[in-house]
Amino acid sequence: MCRFIDEMEKLKSSSSSSVANEKFSAFNGYMHIFSKMDERLSDVIRKAAGYKKSLVLVCGNSGDGKSHLIASLIDEQIIDQSRFDIYIDATSSDKKGMKANVKLREKLEPFTDTNILDGSEYRMIVAINLGVLNDFMKNYEDEFCVIQNYINQQGLFDNIPAWKFIEMQKQRDHIDQYFIGHVDFTSFHRYELNASGLELSFIHGLLEKIIADDSANSMYQAFQQECAGCPKRVSCPVYWNYSAFIKDSRIRDYVITILAKAIIKNNLSPSVRDINNFFYEVIIGNTFSSSMTDVRSVERQAHFIHNLTLWLLFESSDGLLAYTAKEDPLNDPERSCDGQIISLNLKRDLKKWLTEEAVPGNDLFKQIYSNIIFCESKFAKVYRDNERNIKRDIYKYYIRYCQMEHPVKDDRFSGFLKILYEYNRGNEKACAKLISLIKDCVYLWNGRLGDKSGGIIKNGVIFAKGTDKYFLYKNIEVQFIRNPKIKLICDEEEFPNFTTTMRFNFALDKRSKKIITLDIDYELYAFLLEVKRGYTPTDSDRKANVKYDSFVRNLIAGSDSDLYVYAKSGKGDTYKISCDEFDRYVFEREG
């Protein structure tokens, strides 16, 4: 086995080398990057050390790096183990037969309402998943009211926008007798939002660690010692992938941008381990076989292309790659690649196209051309039988390569980022277009209502499945309710943390006390844009976007509008069903 691949496998999420508990290995130490999370937890730890009784909750989800962060602060001597009791695994027990909640209750005994003010000295750091914490508090809320109040005040189980987080910190109660603090991995992201869009220095830093010419980087050292002079390197896709990341900033930027899009569009919260595993997958991959680099056959050509980074990025289905595959330019809904696809399919001579258009100035396509010549001369019949598939793979890779060199601007994504930034700033006015989109789609969600003039019936919302002849609908006026508590953050102020899901309040009347809320992320935002452009949601679409479907249903249910019938056939007449003063139903033609 190749020593370079052995070293790279330390990046895999399944590798023991990627996990740090209470001790850092040399590899953990090299790969660690100081982040805002380190800064915040360090600050909380220092405050906690100044109190006789203190509790620090390191919250998040399974596998997101809580133990890794604690281990790094122990390694840096920010956490003094002689002063803090550290409980890393709050999801299990070290006593036979004792459930996790019971064990956690035992560990938190000094922080019950009766003990937290007893004057004893005890400091504790607990790494805990939010689901476990929520379950624990439900079981023991009567004994831990102080901790429960802290959780409620800090909104640990809520999506908190940046402006609200800052206000919470300002209004936080300060108690002299004890200290409770926390960091929440779910509210910290692997990217930053700013007025220009995204800031991806953290993810760039992880990749730089993998490819850096550094004596502490065992991966780079193994590559130089094993791969740079390997006689099989020209036919080894791993060699080409790692070399490209070292030499070409374009592919580094492109892969990281695609990853960031996948994270935000799918509302993911990947851990550092997940991201390192992703980089392993786009450099090594799961389908690579070292034996294939030595095989002199047509199969080697397919193996070579199928294990190059720009193929792995869009053709795999594991982990984060399942989401980057959705960003494949070949599947662009705007069909931006159609012209190039047609042009390539009209090329009659693959070798001529390679030499005249693809190969000049590009060593990778020179190697592909060399493989084609070898296969054609040595395995002519087999090559002819597989030529169609070979040509298809080369064209697919070439289109992706061209997209990397000249990425198509994604206005929908950049537009969402601007709205998300302004929402976290507390600038509701800048969210006006999104709010209008949400309101407009209420009237289009269950289908469009036409009138005699060919226009749309104003404020008409279909509320029941109609027939070929008619629809039932109500007249509804949706009102946006502004949040009077918002405190605007200035442009220059840095976000301590932020939410990727926006929450807006609506009602059927501005004076109504019944508020109907909607949480919207990128996926719902993108779908509503399609609805606005003319797409009518199917039953499966409504199930997939159940949040919005429930929002529309709640608006319809809360409306006291008369019932209307819209006849689709004939002249498109409209009828109203209403109650008279004797509670009798009246059916009459409108207009």
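This report walks through a few helices and loop residues in a predicted model.

## Helix α12 and its two ends

Let's start with helix α12, which covers residues 249-265. How far apart should its ends be? Counting 1.5 Å a residue, its 17 residues should span 24 Å, and the end C-alpha atoms are indeed 24 Å apart, so the two values agree. Most of this helix is tucked away: 13 of the 17 residues in α12 are buried.

Now look at the N-terminal end of α12, where Asp248 acts as a cap. One of the side-chain oxygens of Asp248 sits 2.9 Å from the backbone nitrogen of Arg250. Past the other end, just after α12, you'll find Asn267, in the loop that leads to α13 (272-283).

## Two asparagines with positive phi

Most residues other than glycine have a negative phi. Asn267 has a positive one, near 55 degrees, and it isn't a glycine. Is Asn267 buried, partly exposed or exposed? Its relative accessibility is 31%, and partly exposed runs from 20% to 50%, so Asn267 counts as partly exposed.

Asn459 is another non-glycine residue with a positive phi, this time about 65 degrees. You'll spot Asn459 in the loop between α22 and β7 (460-464). With a relative accessibility of 22%, Asn459 counts as partly exposed too.

## A buried asparagine in a loop

Asn362 also belongs to a loop, the one joining α18 (350-358) and α19 (363-378). Its relative accessible area is 9%, and anything under 20% counts as buried, so Asn362 is buried. A polar atom of the Asn362 side chain lies 3.0 Å from the backbone nitrogen of Leu364.

## Helices side by side: α14 and α20

Next up is a pair of helices: α14 (residues 298-306) packs against α20 (residues 380-405) at an angle of about 10 degrees, with the axes 10 Å apart. Angles under 35 degrees count as roughly parallel, so that's what we call α14 and α20. The crossing is left-handed.

Which residues make the contact? From α14 they are Val298, Gln301, Ile305 and His306, and α20 brings residues including Val382, Tyr383, Asn386 and Tyr397.

## Helices that cross: α22 and α25

Finally, take α22 (residues 432-442) and α25 (residues 546-558), whose axes come within 10 Å and cross at roughly 65 degrees. The range for roughly perpendicular is 65 to 115 degrees, so α22 and α25 are roughly perpendicular to each other. Here the crossing is right-handed. On the α22 side, Ile438, Cys441 and Val442 meet Tyr548, Phe551, Val552 and Leu555 of α25.

Conventions. Residues are numbered from 1 along each chain as its sequence is written. This is a predicted model: local features need pLDDT of at least 70, side-chain atom pairs count only at pLDDT 80 or more; totals for chains, interfaces and linings use all residues. Side-chain values use heavy atoms; hydrogens and water are left out. Helices (H or I, at least four residues) and strands (E, at least two) are DSSP runs, numbered from the N terminus. The expected span of a helix is 1.5 Å times one less than its number of residues. Buried means under 20% relative accessible area, exposed over 50%, partly exposed in between (1.4 Å probe, protein chains only). A polar contact is a pair of N or O atoms within 3.5 Å; within protein, one must be able to donate a hydrogen and the other to accept it, and residues adjacent in sequence count only if both atoms are side-chain atoms. Axes are lines fitted to C-alpha atoms, for helices over the stretch in contact, and angles run from 0 to 180 degrees between N-to-C directions. Angles under 35 degrees count as roughly parallel, over 145 as roughly antiparallel, 65 to 115 as roughly perpendicular and the rest as oblique. A crossing is left-handed if the near helix is turned anticlockwise from the far one by less than a right angle, and right-handed if clockwise. Contact means heavy atoms within 4.5 Å.
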